[in-house]
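Welcome to this structure. Here are a few notes to read with the model open beside you, taken point by point.

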Amino acid sequence: MTQHSVHESQPSAGWDADRYDSQFGYVSALAGGVVDLLAPLPGETVLDLGCGTGELAATIAARGARVIAVDGDPAMVAAATGRLGSGVLLADGHDFRIDEQVDAVFSNAALHWMTRPAEVVAAVRRALRPGGRFVAEFGGAHNVAGILAAVRAALAELGLTEGARMPWYFPSPGQYATLLEEHGFQVLRMDYFARPTELTDCPRGVADWVVMFGASLIGHVPADRREAVLARINDLAAPTLLRDGRWYADYHRLRFAAVREPAGASDAAAVG
Ligand SMILES: C[S@@+](CC[C@H](N)C(=O)[O-])C[C@H]1O[C@@H](n2cnc3c(N)ncnc32)[C@H](O)[C@@H]1O
């Protein structure tokens with residue numbers, strides 16, 4: 001991977017990269033479909049936005065593409081650098097800038113963490129050459145609705161709703177396709193599907209998932225009440241998310257492919 005510079009601000013951080021790989025490896029393991037949709041070609045440059053520990057960036061690089069991996073979390077950037085060697089940038093997906101235009105921007109399981117999506121789509125558009133593609137999968141409407149319902153109910157029962165913050169943006173396919181079109185993309189494909197996923201490496205089930213991904217939901221809970229909250233979340237989630245002794249996360253995904261309209265195409269939002 002060659003050198004490049006980036007001009008960015010950094011979002012707040014706090015990922016446990018080791019735990020992410022050991023307990024939640026399914027996030028990248030289940031992403032084969034979106035990598036196939038990207039169909040990276042030898043010699044092209046692909047930017048992986050929200051690369052995490054770099055597993056999928058490495059997969060894309062192994063297919064012969066040059067990869068620029070971007071993440072907003074220092075621990076993830078360190079892990080990805082360990083895996084990829086170079087070409088990993090610490091930057092916020094809302095306003096990153098690179099000093100070149102790439103052939104494709106790819107993203108898996110990351111766009112829903114970026115809660116100002118218009119800024120993200122504008123930044124992606126800026127990073128793409130005209131005709132370049134934006135291919136991604138992320139959480140769509142109703143994603144983890146059962147987990148969220150259990151968290152909200154547990155916090156309410158225990159009088160701990162004050163301070164909880166919903167950290168995600170889960171749009172419907174129509175909302176996200178419209179956003180892409182408003183920013184000068186042609187939407188070639190927009191799939192929306194339920195993907196219940198077994199939490200095979202989470203002995204405490206949904207509680208483990210909430211500890212990994214739900215820091216904004218439960219981070220305000222005093223330490224001495226944390227275990228009670230997690231236990232109650234599991235109690236409340238069990239009727240819908242525990243089946244035959246196996247825990248599931250009730251994922252709903254959006255998977256899309258879009259192309260930056262070539263220069264001169266009808267493009268009302270040609271901003272940058
Ligand atoms: C669930 S992980 C997915 C990682 C990887 N793409 C994968 O498939 O395993 C979400 C990633 O998005 C990154 N992320 C969240 N918000 C971000 C932001 N505003 N800018 C850049 N990266 C962000 C996180 O740091 C994290 O590495």
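1. Let us begin with phenylalanine 138, which sits in strand β7, the stretch covering residues 128-139. Please keep in mind that everything here comes from a predicted model. Phenylalanine 138 counts as buried because its relative accessibility is 0%, and the cut-off for that word is under 20%. Setting aside neighbours within four places in sequence, its contacts include Ala109, Leu111 and His112, then Tyr169, Pro171 and Tyr176, and also His252, Arg253, Leu254 and Phe256. If you would like a distance to try out in the viewer, go from the C-alpha atom of phenylalanine 138 to that of valine 67: the separation is 20 Å, for two residues 71 apart along the chain.

2. One of those contacts, Ala109, deserves a stop of its own. Alanine 109 lies in the loop that runs between β6 (102-108) and α6 (117-127). Its phi is positive, about 60 degrees, although the residue is not a glycine. Is alanine 109 buried or exposed? With a relative accessibility of 17%, alanine 109 counts as buried.

3. Aspartate 244 makes a good companion to that point. Here too phi is positive in a residue other than glycine, with a value near 50 degrees. Aspartate 244 belongs to the loop between β9 (242-243) and β10. Its relative accessible area is 80%, so aspartate 244 is exposed, whereas alanine 109 is buried.

4. Next, please look at asparagine 143, in the loop between β7 and α7 (145-157). Asparagine 143 is buried, as its relative accessible area is 4%. A polar atom of its side chain lies 2.7 Å from the backbone nitrogen of histidine 252. Not counting residues up to four places away in sequence, asparagine 143 touches Leu148, Phe170, Asp250, Tyr251, His252 and Arg253. You may recall His252 and Arg253 from the contacts of phenylalanine 138. For another distance, the C-alpha atoms of asparagine 143 and valine 88 are 29 Å apart, with their positions 55 residues apart along the chain.

5. Now turn to the ligand and its surroundings. Which residues are closest to the ligand? They are Tyr20, Gly50, Asp71, Gly93 and Asn108, out of 22 residues that surround it. Sorted by class, this shell holds 12 nonpolar, 7 polar and 3 charged residues.

6. Three side chains place a polar atom by an oxygen atom of the ligand. For aspartate 71 the distance is 2.6 Å. For asparagine 108, an N or O atom of the side chain is 2.8 Å from a ligand oxygen. For tryptophan 15, the polar side-chain atom and the ligand oxygen are 3.4 Å apart. Taken alone, the ligand would expose 600 Å², and the protein buries 95% of that.

7. Alanine 91 is worth a quick look as well. You will find alanine 91 in the loop between β4 (88-90) and β5 (97-98). Its relative accessible area is 1%, which means that alanine 91 is buried. Its C-alpha atom and that of valine 121 are separated by 15 Å, the two residues being 30 apart along the chain.

8. Why can helix α9 be called largely enclosed by the rest of the structure? This helix spans residues 206-213, and 7 of its 8 residues are buried, so the description fits. The buried residues are Val206, Ala207, Asp208, Trp209, Val210, Met212 and Phe213. They pack against α1 (17-23), α2 (26-29), α7, α10 (215-218), α11 (223-241) and β10 (246-260).

9. Finally, a word on confidence. The protein chain has a mean pLDDT of 91, and 92% of its residues reach 70 or more. Residues 1-12 need care: their pLDDT is below 50, although this stretch has 34 contacts in the model beyond near neighbours in sequence. Where pLDDT is low, the predicted coordinates should not be read in detail.

Key
Residues are numbered from 1 along each chain as its sequence is written. Side-chain values use heavy atoms; hydrogens and water are left out. pLDDT is the predictor's confidence in each residue, from 0 to 100. Contact means heavy atoms within 4.5 Å. A residue is near a molecule or strand if one of its heavy atoms lies within 4 Å of it. A polar contact is a pair of N or O atoms within 3.5 Å; within protein, one must be able to donate a hydrogen and the other to accept it, and residues adjacent in sequence count only if both atoms are side-chain atoms. Accessible areas come from the Shrake-Rupley method with a 1.4 Å probe; for residues, only the protein chains shown count as cover. Ala, Val, Leu, Ile, Met, Phe, Trp, Tyr, Cys and Pro count as nonpolar, Asp, Glu, Lys and Arg as charged, and the others, Gly among them, as polar. Helices (H or I, at least four residues) and strands (E, at least two) are DSSP runs, numbered from the N terminus. Buried means under 20% relative accessible area, exposed over 50%, partly exposed in between (1.4 Å probe, protein chains only).
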